[in-house]
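Let's take a walk through this structure together. Please have the sequence and the 3D view open side by side.

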Amino acid sequence: MLRSSRIQIRPRCAIKTTFKQVSSDPCFAPASFFSLKRLSTTRSHYEQLDSTKDIWNSLISKRSGLSKTIEDTNHRIGSNAEPSNKENVTTTSNGSLVNTSFVVKDNITTTQEETTSASQMLSNYKSPFNATVVSLLSAEGSKLVGKANLDELGMGSSSTNTFYGPVINPLYYKENDDNTKHIAGGSSGGSAAAVAAKLATFSLGTDTGGSVRLPASYCGVIGFKPTYGRISRWGVVPYAQTLDTVGVLSEDINIVEKVYRVLNQYDSKDPTSLPENTRQEIITTKTSDLSFLTIGLPEEFIIEDLSEEVKEIWVSVLANLQKMGHKVKTVSIPSIRHSLSAYYTLVTAEAASNLSRYDGVRYGYSVDDIQGSAHDMIVANRTKAFGAEVQRRILLGNYTLSSDSGDHYKKATQVRERLVKEFNQVFNLPHALVADDIDLSTGKCDILLSPTSIGSPPPIEEYLQQTEENFLNAYINDILTVPASLAGLPAISLPFGNHGIQIMGQFGDDDTVLALSKSLLD
Amino acid sequence: MRIVAIRRLGNCSKVPLQKFSRVGSVLQSESDIRNVLNAPSWTVKELIQDNQQAMEEIHVDSGTIRKMLKLSGLETNVTPEQEKKLVQALKSQMVFIQHLYRDNDTDRKDKEENNDSHFRLIASDHKPGEPLTLKSLMEQIKELPQQVDPEKGETEGSFSLQDLDPKHKSFVTILSNRG
């Protein structure tokens, strides 16, 4: 445990200026360049839901009462299944989230409907328990209204690798529109699209390498990935368990914060959940004093691939933070250049292990005519029911782990450790877990700021063509989000214009990330 | 430039740390920011560029493909065209992974070869709790019946396998023919 005498916490002053005050300055960029979205409060949320069709294919299943245009008895789109009346969650009329509705990514278990993970393998899987996050939100009075579409089993950055058809980005496509359909980003594309289309107050996604932040950026909403271990993964279908983090998406930063506060609890059922004593020991920046922060600009994120529009937004946001009184410094974190290689080594290896449980024997998809041995049946089930991208990642993962290819998992783990220590050396606050290399010099950073994506979401057809030519093309965009995932840092994407700006904090310092976000958006 | 920082260890002597990341000086104006952002040092595309020489150095044959398919529980009987695509995919991934080993800092020494190196962001790895004694273990065993969780299926009747897959009313395993 760190003793307070070792660490000097700089005194903070009350907020003196806000982004909104600066935006009235004639030197500020044109107002049309920025879009500070607010959720409408003039209509009740359920009125909005009842009148909105899901033309974006954001949901795999909906609960009764979501939309009057959908048959109440057909809770699964395109299915004849009857909705279950089994309700085993506790609800309240007095909770902090009363009068809100939410959608969860369909890799988060619920008991009333199937949890498919957008995979044929789990198309008939009904969980016997609700995920902890679902129970907590329902207990606070929020109403679950649907399960969101996603890249199959969380594998992808576009929400096009799904058994239920691609998610369409609502920011670029409206009803009766002839506009080209663009990707929503992934893998939590359905969660982002549902919020952007106002089908729910907020949604839950999962973020392994950017899967909450990237779709949030593409769909023009807020997407928050808390510190790894803060939110329970009990009931979350695992993709890569050392990286999977439940995240929150909404158009309203206050809702994001409220939801986070409800979910930020230790869960004994999740072995990776941060223990209570560790949570108490985390040193964070005081939320009441957020003026004069030092904001780091990671040099390794300054890449040729950034579009001019994204770069311009990055300049404008940093310049206005300077005007608000904050300092901006460049930082260099060399291991960022190795982060994509490390990430795709780790996730494919962990996915290969996690997905080995899906054999169609005890649950999940199984072929109708069982031929040959049990092994033959399992092979038939997996070959038929997994999509192409999932099969490729399993293969790549097994190859990476095999002696045929080398010792890559270990090397990727070493790169990850080095990345965490390099982040520690640029943050003022110490890391709650990896704090043995304490540098007593001051003048480092409170948060880091970068774009969330390198450009705009491409049209679906263009994206599919690029990935068909070379599947590695799908990896490029993850460079801005993967480092925070590998290091377990809290990170949020905020909408500015049609692009997202990402704020990252030290491990455990979620409050500072949220507070700065509120000061930028309020 | 590598900066050496000093760590204090209570009453122990100071231990020099190597520092690989760096915090620069304050950017004073929007113009400073713009100048920095207009000077990119690399492109992500260099990670995925076709590198024909590197691809040729990686040996992935038909046997390897079939072995990986078998390990993955997938159909091994693939067409020559499918096999060619899989070979290409494995080689591309390996060229991509080679970037893990591109390290310009020659002063860093790799750890000794061992099988127990790992790094996870799990609290118990970095902040171990109280050691488990025989006494505490016996107490935990005594309390176990009160700690079972129906949500985990740890109590009889909490859920049945039939609930997981309503389509199949019975649950059978298939044994291969023996002898």
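A:Asn57 sits in the loop of chain A that runs between helix H2 (45-51) and strand S1 (59-62). Its backbone is worth a look, since A:Asn57 has a positive phi of about 55° although it is not a glycine. Keep in mind throughout that you are looking at a predicted model.

A:Leu153 shows a positive phi too, near 55°, again in a residue other than glycine. You will find A:Leu153 in the loop between S3 and H4 of chain A. Is A:Leu153 buried or exposed? A:Leu153 counts as buried because its relative accessibility is 3%, under the 20% cut-off for that label.

Stay in that part of the chain for a moment. A:Ser187 also belongs to the loop between S3 and H4 of chain A, and the peptide bond that joins A:Gly186 to A:Ser187 is cis, with omega at about 5°. A:His182 is another residue to click on, placed in the loop between strand S3 (143-148) and helix H4 (189-196) of chain A. With a relative accessible area of 15%, A:His182 is buried. What surrounds A:His182? Leaving aside residues up to four places away in sequence, A:His182 touches A:Val167, A:Ile168, A:Asn169 and A:Tyr172, along with A:Pro457, A:Pro458, A:Pro459 and A:Ile460. One of these neighbours offers a polar partner: the side chain of A:His182 reaches the backbone oxygen of A:Pro457 at 2.8 Å.

Now zoom out to the whole of chain A. Its secondary structure consists of 15 helices and 11 strands. Of the 522 residues in chain A, 67% are buried. If you take the contacts in chain A between residues at least 6 apart in sequence, 76% of them join residues at least 24 apart. For a single pair to inspect, try A:Ala380 and A:Gly360, which are 20 residues apart in sequence and 9.3 Å apart in space, C-alpha to C-alpha. A:Ala380 lies in helix H10 (residues 374-385) of chain A and, at 29% relative accessibility, counts as partly exposed.

Charged pairs come next. Over all chains, a search of the whole structure finds 25 salt bridges. One of them brings together the side chains of A:Lys147 and A:Asp106, at 2.9 Å from N to O. A:Lys147 is in strand S3 of chain A, while A:Asp106 is in the loop between strand S2 (101-105) and helix H3 (132-139), so the pair ties together parts that are 41 residues apart in sequence. Both A:Lys147 and A:Asp106 are buried.

Helix H6 (residues 253-263) of chain A gives you another arrangement: A:Arg261 and A:Glu257 both lie in this helix, 4 residues apart, about one turn. A:Arg261 forms a salt bridge with A:Glu257, and their closest N and O atoms are 2.8 Å apart. A:Arg261 is partly exposed at a relative accessible area of 39%, whereas A:Glu257 counts as buried at 16%. This pair belongs to a network of salt bridges that links A:Glu257, A:Arg261, A:Asp511 and A:Lys518.

Chain B has charged pairs as well. The side chains of B:Arg120 and B:Asp125 meet in a salt bridge at 2.8 Å, N to O. B:Arg120 is partly exposed, with a relative accessible area of 35%, and B:Asp125 is partly exposed at 27%.

Finally, turn to the place where the chains meet. How many residues does each chain bring to the contact? Chain A supplies 109 residues and chain B supplies 89. The area buried between chain B and chain A is about 8700 Å², and carbon and sulfur atoms give 61% of it. On the chain B side, B:Trp42, B:Phe119 and B:Leu121 lose the most area to chain A, together 10% of what that side buries.

Polar links cross this boundary too. There are 26 residue pairs in polar contact between chain B and chain A. The side of chain B that touches chain A divides into 41 nonpolar, 24 polar and 24 charged residues. Between the two chains the count is 6 salt bridges, including one where the side chains of B:Glu151 and A:Lys269 meet at 3.7 Å, N to O. The backbones pair up as well: strand S8 (residues 327-332) of chain A runs antiparallel to S3(B), joined to it by 3 bridges. In that pairing, A:Lys329 has B:Val26 as its bridge partner.

Technical notes
Residues are numbered from 1 along each chain as its sequence is written. Chains are lettered from A and ligands numbered from 1 in the order in which they are written. This is a predicted model: local features need pLDDT of at least 70, side-chain atom pairs count only at pLDDT 80 or more; totals for chains, interfaces and linings use all residues. Side-chain values use heavy atoms; hydrogens and water are left out. Contact means heavy atoms within 4.5 Å. Buried area is the accessible area (1.4 Å probe) that two parts lose on being put together, summed over both. A salt bridge is a side-chain nitrogen of Lys or Arg within 4 Å of a carboxyl oxygen of Asp or Glu. A polar contact is a pair of N or O atoms within 3.5 Å; within protein, one must be able to donate a hydrogen and the other to accept it, and residues adjacent in sequence count only if both atoms are side-chain atoms. Ala, Val, Leu, Ile, Met, Phe, Trp, Tyr, Cys and Pro count as nonpolar, Asp, Glu, Lys and Arg as charged, and the others, Gly among them, as polar. Two strands pair if DSSP finds at least two bridges between them. Helices (H or I, at least four residues) and strands (E, at least two) are DSSP runs, numbered from the N terminus. Buried means under 20% relative accessible area, exposed over 50%, partly exposed in between (1.4 Å probe, protein chains only).
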